Amino acid sequence: MAHSMVGVIFSNIHDENVPELSRHRTMASIPFGGRYRLIDFALSNMVNSGITTVGIVTKNNYQSLIDHIGSGKDWDLARKDGGIILLPPYSDETDTPYTTRLEALKSITGFLNHRNEDYVVISDCDGIAHMDIADIVRYHEEKGADITMVYHEETDVESSYYITLTPDETGRIKGLKINPKLTGKKFNLYVNVMVMSREFLINTIQDAVTRGLVSFGRDILTKNVDTLKIYGYAFKGFYANISSVQKYYEYNMDLLKKDVRDELFGARDIYTKVRDSAPSKYNDGAIVKNSLISDGCVIDGTVENCILFRGVKVGKGSVVKNSIIMQDTVIGDGAHLDCVITDKNVVIRDRRNLAGCEALPYFVAKGRML
Amino acid sequence: MLRKKECVAMLLAGGQGSRLYALTNNIAKPAVAFGAKYRIIDFPLSNCINSGIDTVGVLTQYEPLELNEYIGNGQPWDLDRAFGGVHILSPYQAKKKSSWYEGTANAIYQNMSFMKRYSPDYVLILSGDHIYKMNYAEMLRAHKATGADCTIAAIEVPIKEASRFGVLNCNPDGSIYEFEEKPKVPKSNLASMGIYIFTAEKLFKYLAADDADPNSEKDFGKNVLPAMLNAGEKMFSYRFKGYWKDVGTISSLWESNMDLLGEEPVFDVADSDWKIHSRNPLAPPEYIGDGAKVGNSMVALGCEIEGTVENSVLAAGVVVEEGAVVKDSVLMAGTVVKRGAQVVYSIVDENVVIEEGAIVGEDKEKKAGIAVLGRNITVAAGAKVAGGQIIDKDYKGE
C-alpha cells in the first residue's frame with residue numbers, strides 16, 4: 001500500500017433535503033436499492049479501496065444507524081486496530097454540540113490525532129456511486145494538492161446546500177461557489193467526497209478554531225481558493241445525489257437499468273447488514289416484470305417496475321407498479337399501488353388504491369397502516 | 001473458576017455422501033447447497049444456536065476444505081464465542097498414534113479431549129445429513145426428566161421403509177428395550193434419527209470400552225448403543241413430530257428442495273420463530289426482467305431472470321436468459337442458462353454454463369429420472385442431456 005487512508009463519514013449532513021425519509025433516521029440509514037442503506041455505498045467504496053478505519057460522525061436520530069452498523073463485521077470493519085468508530089456529538093462546559101461541518105471536524109480532532117494514516121477521506125452519505133477512492137488519493141498525491149474535491153457533471157441539483165467547482169486545465173480549482181443560481185447549463189457539482197492529508201486537516205481545524213471560523217465551505221474553501229492548492233477530481237460514472245424525495249425515487253428506478261446495476265454492483269461488492277432472510281418466494285399466480293426483489297419477499301400478486309426491499313409481502317390479486325416498497329411492508333389482497341413509496345413496516349389493507357405520479361410519488365410514512 | 005457448558009454438541013460431518021454422485025465429488029455432504037441459499041449443515045447448526053447450545057464440534061474428514069471455509073469462525077450462526085463456539089475437528093496426529101476417523105463412535109472418541117475441555121453434563125450427537133427444525137433443548141429436558149443415560153430422537157416412518165434405519169422397540173413409557181440396526185423385518189416403525197443425547201460420563205465410559213474392543217466397528221448404531229442397552233443402561237426414545245428429511249440421495253435432495261415451495265410449504269424456511277442462519281451471499285437483489293415468467297419458485301439474491309422459471313429453486317447469481325426455460329429443477333449458485341436452453345427435472349450444481357439451445361433433463365412424467373450436472377462444467381450449445389443422466393465433465397452431447 002503506497003499510502004494509508006482513514007475514512008470519515010458524515011451521517012447527518014443534508015438530512016433536510018429528504019424530510020420524509022430522514023424523520024426517524026440519519027441520511028446514512030435511508031434505505032436504497034432493495035437491500036442497502038445509503039451509507040453502504042460510501043462505506044463499501046472505502047473498504048474496497050483498502051481503508052480499514054472509518055469514523056462515522058453522527059448527530060441526530062442515529063439509533064437506526066447504530067442498529068445497521070452493529071460491530072461493523074458486515075463490512076469487514078470489526079477490527080482490533082481501527083474498524084468502524086462511531087463519533088457521536090460531544091459537548092462539555094465550554095462546548096455545545098456541533099452545528100456545522102467545521103465544528104463537527106473540530107469535535108473529532110481527538111480521533112484524527114490518534115490515527116497514524118497519511119490521508120483522510122471525507123464523505124457524505126447522500127451520494128451513490130461506485131468510486132475508486134485509492135485512485136482519488138493517487139491523484140491527490142500526484143497533484144501535490146492540499147485538498148482534492150470530487151465532482152460530477154450535472155445540469156440540475158435540488159439540494160438546499162451545494163458547491164460548484166470550476167477547474168482549470170490542470171485540474172486546479174479556480175472557482176468555487178456555494179449555492180450559485182443554476183442556468184440549466186452543465187456545471188461541476190462537488191459530490192461531497194474530499195481528500196486531505198491528516199496533518200493538513202488537523203492544522204486547518206486548529207487554525208480555524210483560533211480564528212473563530214465556523215463554516216468549512218465559506219470560511220475555508222471559498223476564501224482560500226486562490227491560496228490553497230485545491231484540485232478537482234472528475235468522477236465520470238453513475239452518480240446519484242439524493243437531494244429530494246423525487247430524486248430518491250428516480251435514482252431507485254435507475255437500478256432497473258442493466259448498465260446502472262452492472263456499474264454499481266458488477267465490479268465490486270457492496271456490503272450491507274445481513275439479516276438472514278429466507279430467499280424470496282414467487283407463488284403460483286405471481287407476475288413479476290422489470291423489478292428488483294430482495295430476499296425474504298413473498299409474492300402472490302403482480303409487481304411491475306418496482307423495487308421491493310427485504311421481507312415485503314404482496315397479496316393475491318394486488319397490482320403494484322412503479323413503486324418502491326420498503327422493508328417488511330405488507331400489501332394485502334386486491335390492492336392497487338402506482339407510483340408509491342412506502343417506508344418500512346407499512347401495512348396496506350385489502351383492496352386499497354394508492355396512486356402518485358412519477359413527479360410526485362405518494363409517500364407512506366414508516367409503520368403506517370392504510 | 002470452573003468454566004463449563006451444560007451440553008456440548010458433536011456434529012458428524014465427515015460423510016462422503018456417495019449417493020449424491022457428482023454433487024459430492026469435491027465437497028462433503030453437509031456442505032451441499034440446499035434451498036437457494038443454505039447448505040445442509042445450516043440446519044443442525046441453526047438448531048443448535050436456536051436451542052441455546054453454543055458449543056459445537058464439527059467432525060470433518062472427507063473433502064473438508066469447502067466445509068471448513070463455509071463454517072469459518074462460526075459468526076453467521078452466532079457461534080463465534082470466547083468460550084465455546086463452533087470448532088472444526090479434523091483427524092489429527094497425536095504423540096502415540098494417528099488415524100483417520102474409523103466410525104461414528106471412533107470419531108467422537110478421538111475428540112474426547114475437546115469435549116472434556118467444557119466439562120459437559122451432556123453430549124448431543126448430531127449428523128450433518130438432514131433437513132429439519134428441532135429444539136434440542138426440549139429433548140434435553142426430556143432426557144433429564146426420564147433420568148436416562150441416553151436419549152435417542154425417533155420419528156415414525158412408513159413401515160416398509162423402516163429397514164433403512166435403526167429401529168427402536170419401546171415400552172409404553174418410551175424406554176427402549178431393543179435396538180435393531182437396519183433390520184430386515186422391522187418390529188416397529190419408530191426410526192432413530194441419529195440424534196443422541198448422552199449423559200457425558202456414560203458416553204465417555206462406553207466410548208472407551210468400545211475403543212478397546214477389537215471386534216467393534218466403532219459405530220454408534222451397531223456397537224455403542226447395543227452395548228449400553230445390553231448393560232442395562234437407561235435408554236429412552238424422544239418422539240419427534242415434524243419435518244425431517246435425509247437428503248442423502250439425488251431424489252430426496254430434489255424432493256426436499258421442492259418441499260419449500262408453495263403458499264403453505266411442507267417445510268418453511270422463512271419461519272421467524274426458528275430462523276435458519278447461513279453465510280449470506282454478497283449480491284444485489286435479484287432482477288426479474290420484462291419478459292420473465294416466474295411461478296411457484298424460490299429465487300435467491302443476485303439472480304437475473306429474463307426467461308421462464310417454474311417449480312424451481314434458484315440459488316444466488318443464477319442467470320436465466322431470454323427464451324430459456326427452467327422447470328422442476330434445482331439450480332445452485334452462479335449457474336447460467338443461456339438463451340433458448342431448457343433445464344427440466346434436474347439438479348445443477350454451482351457455476352455450470354448451459355449454452356444456447358441445450359436441453360438438460362426430461363419431463364418428470366417420462367420417469368427417466370433426475371438429470372444431474374456437477375459443478376463448473378459447460379453443456380455445449382444444442383447438446384442434449386437425457387433424464388437421469390449424471391454428468392461431471394464438460395459435455396458436448398453424444
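User: What makes both faces of strand E1(B) count as covered?

Analyst: In this predicted model, B:Cys7, B:Ala9 and B:Leu11 on one side of E1(B) are all buried, and so are B:Val8, B:Met10 and B:Leu12 on the other. In a regular strand the side chains alternate between the two faces of the sheet.

User: Why is E1(B) called largely enclosed by the rest of the structure?

Analyst: A residue is buried if its relative accessible area is under 20%, and 6 of the 6 residues of E1(B), which spans residues 7–12 of chain B, are buried, so the strand is described as largely enclosed by the rest of the structure.

User: How many bridges support the pairing of E1(B) with strand E6 of chain B, and how many join E1(B) to strand E4 of chain B?

Analyst: Pairing requires at least two bridges between the strands. E1(B) and E6(B) (residues 122–127) have 6 bridges and run in the parallel sense, with B:Met10 standing opposite B:Ile125. E1(B) and E4(B) (residues 55–59) are joined by 4 bridges and also run parallel, and there B:Leu12 stands opposite B:Leu59. Both counts, 6 and 4, therefore satisfy the requirement of at least two.

User: Why is strand E8 of chain B called mostly covered, and in which sense does E8(B) pair with E11(B) and with E12(B)?

Analyst: Of the 7 residues of E8(B), which covers residues 150–156, 6 are buried. E8(B) pairs with E11(B) (residues 190–199) in the antiparallel sense over 6 bridges, and with E12(B) (residues 235–239) in the parallel sense over 5 bridges. B:Ile152 takes part in both descriptions, standing opposite B:Tyr196 in E11(B) and opposite B:Ser237 in E12(B).

User: Why is B:Thr199 classed as it is, buried or exposed?

Analyst: Its relative accessible area is 17%, and the limit for a buried residue is under 20%, so B:Thr199 is buried. B:Thr199 lies in strand E11 of chain B and, leaving out residues up to four places away in sequence, touches B:Asp121, B:Tyr122, B:His143, B:Ala148 and B:Asp149.

User: What makes helices H6 and H7 of chain B a packed pair, and at what angle do they meet?

Analyst: The axes of H6(B) (residues 200–212) and H7(B) (residues 220–230) are 10 Å apart, and the helices pack at an angle of about 120 degrees, in a right-handed crossing. Contact means heavy atoms within 4.5 Å, and B:Lys202, B:Leu203, B:Tyr206, B:Leu207 and B:Asp210 in H6(B) meet B:Phe220, B:Asn223, B:Val224, B:Ala227 and B:Met228 in H7(B). The residues of this contact divide into 7 nonpolar, 1 polar and 2 charged.

User: Which strands of the 5-stranded open sheet in chain A are called edge strands, and what makes them so?

Analyst: The order of the sheet is E15-E18-E21-E24-E27 with parallel pairing, and E15 (287–289) and E27 (353–355) of chain A are its edge strands, since each pairs on one side only. Neighbouring strands of this sheet are turned by 5 degrees against each other on average, direction ignored. E15(A) is joined to E18(A) (residues 302–304) by 3 bridges, and A:Ile287 stands opposite A:Thr302 in E18(A).

User: Why is the pair A:Tyr139 and A:Tyr233 classed as it is?

Analyst: A search of the whole structure finds 20 aromatic pairs over all chains. The ring centres of A:Tyr139 and A:Tyr233 are 5.4 Å apart and the planes stand at 80 degrees; centres must lie within 6.5 Å for a pair, and planes over 60 degrees apart count as edge-to-face, so this pair is edge-to-face. A:Tyr139 lies in helix H6 (residues 133–143) and A:Tyr233 in strand E12 (residues 230–234) of chain A, so the pair ties together parts that are 94 residues apart in sequence. Both A:Tyr139 and A:Tyr233 are buried.

User: What makes the phi values of A:Asn322 and A:Arg351 worth a remark, and how is each residue classed, buried or exposed?

Analyst: Most residues other than glycine have a negative phi, and most peptide bonds are trans. Phi is near 50 degrees in A:Asn322 and about 60 degrees in A:Arg351. A:Asn322, in the loop between strands E21 (319–321) and E22 (324–325) of chain A, has a relative accessible area of 16% and is buried, the limit being under 20%. A:Arg351, in the loop between E26 (347–348) and E27 of chain A, has a relative accessible area of 64% and is exposed, the limit for that being over 50%.

Key. Residues numbered from 1 in each chain as written. Chains lettered and ligands numbered in written order. Predicted model: local features only at pLDDT ≥ 70, side-chain atom pairs only at ≥ 80, totals over all residues. Heavy atoms only, no water. Helix = DSSP H or I, 4+ residues; strand = E, 2+ residues; numbered from the N terminus. Axes fitted to C-alpha atoms, helices over the stretch in contact; angles between N-to-C directions. Left-handed = near helix turned anticlockwise from the far one by under 90°. Nonpolar A, V, L, I, M, F, W, Y, C, P; charged D, E, K, R; others polar. Buried < 20%, exposed > 50% of the residue type's maximum accessible area, 1.4 Å probe, protein only. Phe/Tyr/Trp six-rings, centres within 6.5 Å; stacked < 30°, edge-to-face > 60°.
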